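Reader: I'd like to learn how to read this model one feature at a time. Could you walk me through it?

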Amino acid sequence: MDLFDYMRENTMDKEAPLASRLRPRTLDEVVGQRHIVGKDKLLYRAIQADKLGSIIFYGPPGTGKTTLARVIANTTSADFKQINATVAGKKDMEEVVNEAKDNMGMYGRRTILFVDEIHRFNKGQQDYLLPFVEDGTLILIGATTENPYFEVNGALLSRSRIFELKALEKEDIKELIRRAVYDKERGMGAYEAVIDEEAADFLADMANGDARAALNAIELGVLTTERGTDGTIHIDLPVAQECIQKRAVGYDKSGDNHYDTISAFIKSMRGSDPDAAVYYLARMLYAGEDIKFIARRIIICASEDVGNADPQALNVAVSAALAAERVGLPEARIILSQAVLYVASAPKSNSACMAIDKAEEAVRTQRTMPVPVHLQDKHYRGAKKLGRGTGYQYAHDFPKHYVEQQYLPDGMEGSIFYEPSDNGYERRIKEHMKWLKDKT
């Protein structure tokens with residue numbers, strides 16, 4: 001390291017964002033994640049003993065994935081290398097691998113490679129690392145906000161242990177806030193700031209488990225608030241509210257939160273819980289979800305889960321989709337809310353869904369027989385001479401506008417695909433079909 005490198009690193013340490021300066025240096029400084037770094041847990045013991053194997057840290061932003069990697073760097077006797085998958089290329093990995101080979105061959109020293117945002121590596125980049133992880137040249141630590149079972153090479157996963165980090169508890173965030181305000185060495189303590197309990201409580205709540213969001217708000221508050229007459233910077237509730245005006249919501253449109261939230265949304269509508277359904281609608285809207293995507297889910301639920309128990313539900317859902325797209329936000333939220341509440345409150349039946357499932361299964365598994373002759377079209381050229389349509393009975397010529405005749409192909413007579421439920425309007429459909437076939 002030359003003088004310029006030293007000066008640059010020294011400056012970066014002083015000028016780095018608060019969230020970076022406050023990263024724990026030892027396991028005892030880590031806040032939260034007790035389910036994996038508690039003193040009786042495997043990861044804690046492995047780090048303390050410096051016997052770490054390849055691992056993947058998986059969890060939402062601001063929960064400490066990079067922090068734990070830095071703690072390992074400070075604890076291990078192995079050579080520690082870090083790259084970020086968003087900017088690193090094959091050349092960067094080759095340099096790390098070559099150094100790791102030299103360390104192992106010349107000094108018998110292991111190398112830990114920390115890959116931040118590992119899900120950003122494509123399959124080829126991940127495949128490149130595999131043989132070196134497998135033969136022990138590298139111990140891999142990957143960090144990802146995405147489900148590793150979808151985003152990380154299966155072969156790498158099989159050679160790694162996955163540790164899932166959870167959103168930090170409110171009390172954990174409050175502890176970090178107090179450190180940020182009063183720590184004179186790495187926090188904002190030199191500014192002689194104080195924070196009200198009410199303000200700390202508010203910030204911890206609004207951070208929603210993301211420590212970085214709370215620490216960024218503290219830094220902004222301390223740096224922009226004028227000193228009071230007593231010479232201190234006072235972080236009260238109004239200051240806190242200005243510094244974090246919107247709750248941090250863990251929601252990635254291609255990640256787990258997206259799929260989990262939409263799953264809960266649909267299941268709440270299906271389960272006839274309008275309160276839960278509109279809550280998840282609000283979460284998606286707050287996070288910026290596409291209203292067209294939300295509307296499509298409502299339409300599907302209206303047909304799949306309500307069906308003919310309330311045929312009007314599909315009309316409401318389709319009308320809401322068109323109206324929401326034409327009106328746009330913010331008013332579209334009211335239109336979507338109306339549709340969600342209607343679908344969630346409507347009587348339920350999945351008979352339409354079951355009917356097409358059964359029919360498709362029959363098409364897949366049974367021999368395809370011709371359409372019965374009397375149902376065939378007799379109007380195209382030569383059809384009548386071939387006997388097409390002969391024997392067809394016109395339903396409107398009979399009482400009840402119904403006549404019993406074969407409609408399904410030969411061999412499928414008596415097959416039942418649609419079984420109306422006793423819910424809502426389907427009860428009337430069921431009664432009507434029974435009345436039609438009643439010969440008395």
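**Reading the model**

Author: Sure. Take residues 51-172 to begin with: the C-alpha atoms at the two ends of this span lie 28 Å apart, and the span is 43% helix and 21% strand. Keep in mind that this is a predicted model.

Reader: What feature does UniProt place at residues 51-172?

Author: The unreviewed UniProt entry has "domain: AAA+ ATPase" there.

Reader: Let's zoom in on a helix. Which residues of helix α5 (residues 65-75) are buried?

Author: A general idea helps here. An α-helix has 3.6 residues a turn, so residues three or four places apart point the same way. In α5 the buried ones are K65, T66, T67, L68, A69, V71 and I72.

Reader: And what do the buried residues of α5 pack against?

Author: Helices and strands both. The helices are α3 (34-37) and α4 (42-49); the strands are β1 (55-58), β2 (79-84), β3 (111-116) and β4 (139-144).

Reader: Now helix pairs. How is the packing of two helices described?

Author: By the angle between their axes and the distance between the axes. Try α16 (residues 291-306) with α17 (residues 312-327): the angle is about 175 degrees and the axes are 8 Å apart. Angles over 145 degrees count as roughly antiparallel, so that is how α16 and α17 run relative to each other.

Reader: Which residues make that contact between α16 and α17?

Author: From α16 you have I291, K292, A295, I298, I299, A302, S303 and V306. From α17 come A313, L314, A317, V318, A321, A324 and E325. By class, the contact of α16 with α17 has 12 nonpolar residues, one polar and two charged.

Reader: How about α10 and α12: at what angle do their axes cross?

Author: Helix α10 (residues 170-182) and helix α12 (residues 211-224) cross at roughly 30 degrees, their axes coming within 10 Å. Angles under 35 degrees count as roughly parallel, so α10 and α12 are roughly parallel to each other. The crossing is right-handed. On the α10 side, I173, L176, I177, A180 and V181 make the contact, and on the α12 side A211, A214, L215 and I218. That contact has nine nonpolar residues, no polar and no charged.

Reader: One last spot. Is A190 buried or exposed?

Author: Exposed counts as over 50% relative accessible area, and A190 has 58%, so A190 is exposed. Look for A190 in the loop between α10 and β6 (193-195). The C-alpha atoms of A190 and V115 are separated by 34 Å, with the two residues 75 apart along the chain.

Definitions and conventions
Residues are numbered from 1 along each chain as its sequence is written. This is a predicted model: local features need pLDDT of at least 70, side-chain atom pairs count only at pLDDT 80 or more; totals for chains, interfaces and linings use all residues. Side-chain values use heavy atoms; hydrogens and water are left out. Axes are lines fitted to C-alpha atoms, for helices over the stretch in contact, and angles run from 0 to 180 degrees between N-to-C directions. Helices (H or I, at least four residues) and strands (E, at least two) are DSSP runs, numbered from the N terminus. Angles under 35 degrees count as roughly parallel, over 145 as roughly antiparallel, 65 to 115 as roughly perpendicular and the rest as oblique. Contact means heavy atoms within 4.5 Å. Ala, Val, Leu, Ile, Met, Phe, Trp, Tyr, Cys and Pro count as nonpolar, Asp, Glu, Lys and Arg as charged, and the others, Gly among them, as polar. A crossing is left-handed if the near helix is turned anticlockwise from the far one by less than a right angle, and right-handed if clockwise. UniProt positions are given in the numbering used here, feature names are shortened, and annotations may be inferred rather than shown by experiment. Buried means under 20% relative accessible area, exposed over 50%, partly exposed in between (1.4 Å probe, protein chains only).
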